[in-house]
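Student: I'd like to learn how to read a structure like this one, feature by feature. Can we go through it together?
Tutor: Sure, let's have a look at it.

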Amino acid sequence: MATLEILEFPDPRLRTVAKPVTDFTSELKQLVKDMIETMYAANGIGLAATQVNVHQQLLVLDVSDSRDQLRVYINPEILESSGSQNCEEGCLSVPGIYADVQRAEHIRVRAFDAEGKVFEESLEGMHAICLQHEMDHLQGKLFVDYLSPLKRQMVRKKLEKQKKADKRPAAVL
Ligand code: ZN
């Protein structure tokens, strides 16, 4: 297993629209494992393949506090959605930035698991929010896209500043 590099906003590769998975190969299973490891190592509650520069419709999530409720969604499709809820969201690809986003409260989703078996389920609360957030990634969309252009500009500046502050002399390990 290996942890993968997570792309960060405004990296243009985060704008790629993912293609459906057509073959459930051992390579795909390995990718799922690496994404799971990457998500847990980064303390994320979800990770979409787009974020690790793989442009296939695949995402993993675990919204539990105990970090033992892992879910894998391949080629996810929202069949129904209703209601609305607001939550302060963050994203591993937009570090240190949090903003309120409105999402559907209840969704019904159909997807495949890593074995290629189709399933359907109804989600609500944080699980529903997280799935919608990760599905946006697969469409090349980020949660900061829901903000006003001015706010998004502020986010971009803040991230640039953070990056500069992170730069240390190469010899210091
Ligand atoms: Zn995200």
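Student: Is Glu89 buried or exposed?

Tutor: Some ground rules come with that. This is a predicted model, where local features need pLDDT of at least 70, side-chain atom pairs count only at pLDDT 80 or more, and totals for chains, interfaces and linings use all residues. Residues are numbered from 1 along each chain as its sequence is written, and side-chain values use heavy atoms, with hydrogens and water left out. Now the general idea: buried means under 20% relative accessible area, exposed means over 50%, and partly exposed is in between (1.4 Å probe, protein chains only). Glu89 has a relative accessible area of 4%, so it counts as buried.

Student: Where does Glu89 lie, and which residues does it touch?

Tutor: Helices (H or I, at least four residues) and strands (E, at least two) are DSSP runs, numbered from the N terminus. Glu89 belongs to strand β4, residues 85-89. Contact means heavy atoms within 4.5 Å. Leaving out residues up to four places away in sequence, Glu89 touches several residues, including Tyr98, Val101, Arg103 and His133. The C-alpha atoms of Glu89 and Val101 are separated by 6.6 Å, though the two residues are twelve apart along the chain.

Student: Which side chains make a polar contact with Glu89?

Tutor: A polar contact is a pair of N or O atoms within 3.5 Å; within protein, one must be able to donate a hydrogen and the other to accept it, and residues adjacent in sequence count only if both atoms are side-chain atoms. The Glu89 side chain has one of 2.8 Å with Arg103 and one of 2.8 Å with His133.

Student: What coordinates the zinc ion?

Tutor: For a metal, donors are N, O and S atoms within 2.8 Å (3.2 Å for Na, K and Ca); water is not among the atoms, so sites may look incomplete. Here the zinc ion is coordinated by Cys91 through SG, and by His133 and His137 through NE2, at 2.1 to 2.3 Å. The sequence spacing of these donor residues is C-x41-H-x3-H. Cys91 sits in the loop between β4 and β5 (99-103), while His137 is in helix α2 (residues 125-138), 46 residues away, so to speak a link between distant parts of the chain. Both Cys91 and His137 are buried.

Student: How do I check a helix such as α1, and what covers its buried residues?

Tutor: Compare its span with the expected one, which is 1.5 Å times one less than its number of residues. Helix α1 (residues 26-41) has 16 residues and should span 22 Å; its end C-alpha atoms are 23 Å apart, which agrees. An α-helix has 3.6 residues a turn, so residues three or four places apart point the same way. Among the buried residues of α1 are Leu28, Leu31, Val32 and Met35, and their cover includes β1 (46-48), β2 (58-61) and β3 (71-82). At the N-terminal end, Thr25 acts as a cap, with a side-chain oxygen 3.4 Å from the backbone nitrogen of Glu27.

Student: How many salt bridges are there?

Tutor: Side chains of opposite charge can pair when their charged atoms come close. A salt bridge is a side-chain nitrogen of Lys or Arg within 4 Å of a carboxyl oxygen of Asp or Glu. The whole structure has nine. In one of them, Arg71 meets Glu121 at 2.6 Å, N to O. Arg71 is in strand β3 and Glu121 in strand β7, so the pair ties together parts 50 residues apart in sequence. Arg71 is partly exposed at 25%, whereas Glu121 is buried at 17%. Glu77, Arg108, Arg110 and Glu120 form a network of salt bridges.

Student: What about Asp62: which side chain of opposite charge is nearest?

Tutor: In this count, Lys and Arg are positive and Asp and Glu negative; His and the chain ends are not counted. Arg67 is the nearest, at 4.5 Å, and the buried Asp62 has no salt bridge. Asp62 does make a side-chain polar contact of 2.6 Å with Tyr40, and a polar atom of its side chain lies 3.1 Å from the backbone nitrogen of Gln69.
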